[in-house]
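Q: I have a structure open on my screen and I'm not sure how to read it. Can you walk me through it, feature by feature?

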Amino acid sequence: MKYKVNKEKCRACKMCLRSRCPAIKITDKAEINIEKCNGCGLCASLCLVEAIEEYK
Ligand code: SF4
C-alpha cells in the first residue's frame, strides 16, 4: 500500500518529516512522491491529524 497526503487535513506541522522519508517534502503542505513511497506507513503513524491516507 502507498500513501498520499490529504491536503485538507494537513497542518504542515512537519511531524511526518521525522520519519526521514525521502519521499516526503513540505512546501505549503506535506506531499508524498508516489514513485518514492515504499509503503512502510511510518509517516502515517506519526501524523497526529491522520492526514496521511492510503493511496488508492
Ligand atoms: S504530520 Fe500530518 S499534518 Fe503534519 S505535515 Fe505531515 S501530513 Fe501534514
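Q: Let's start with the ligand. How many residues surround the ligand, and which are the closest?

A: To read a binding site, you list the residues that lie within 4 Å of the ligand. In this predicted model, 13 residues surround the ligand. The closest are C10, R11, C13, C16 and C47.

Q: What kinds of residues make up the shell around the ligand?

A: Here you sort the shell by side-chain character. There are 11 nonpolar residues and 2 charged ones, with no polar residues. Cysteine counts as nonpolar in this sorting.

Q: What about the space taken by the ligand: which cavity is it?

A: Look at the protein atoms alone and ask where an enclosed space is left. The ligand takes up the space of the largest cavity.

Q: Okay, zooming out. What pattern does the protein chain follow along the sequence?

A: Start by counting helices and strands, then put them in order. The protein chain has 1 helix and 4 strands, and they run β-β-β-α-β. The radius of gyration is 10 Å, close to the 10 Å that the globule rule gives for 56 residues, so the protein chain is as compact as a globular protein of that length. The C-alpha trace spans about 25 × 20 × 20 Å along its principal axes.

Q: Where is N6 found, and which side chain does its side chain make a polar contact with?

A: For a single residue, place it first, then check its partners. N6 is in the loop between β1 (2-5) and β2 (24-26). Its side chain makes a polar contact with the side chain of E53 at 3.0 Å, and the side chain of N6 also reaches the backbone nitrogen of E8 at 3.0 Å. Leaving aside neighbours within four places in sequence, N6 is in contact with A51 and E53.

Q: And A44, which residues does it touch beyond four places away in sequence?

A: Same recipe! A44 is in helix α1 (residues 42-46). Not counting residues up to four places away, A44 touches Y3 and I52. The C-alpha atoms of A44 and S19 are 9.5 Å apart, with their positions 25 residues apart along the chain.

Notes:
Residues numbered from 1 in each chain as written. Predicted model: local features only at pLDDT ≥ 70, side-chain atom pairs only at ≥ 80, totals over all residues. Heavy atoms only, no water. 1 Å grid on protein atoms, 1.4 Å probe; cavity = no way out; pocket = protein on both sides within 12 Å on 5 of 7 lines; lining within 4 Å. Sits in = over half its atoms within 2 Å of the grid points. Helix = DSSP H or I, 4+ residues; strand = E, 2+ residues; numbered from the N terminus. Polar contact = N/O pair within 3.5 Å; in protein donor to acceptor, adjacent residues only side chain to side chain. Contact = heavy atoms within 4.5 Å. Rg over C-alpha atoms; globule rule 2.2 N^0.38 Å.
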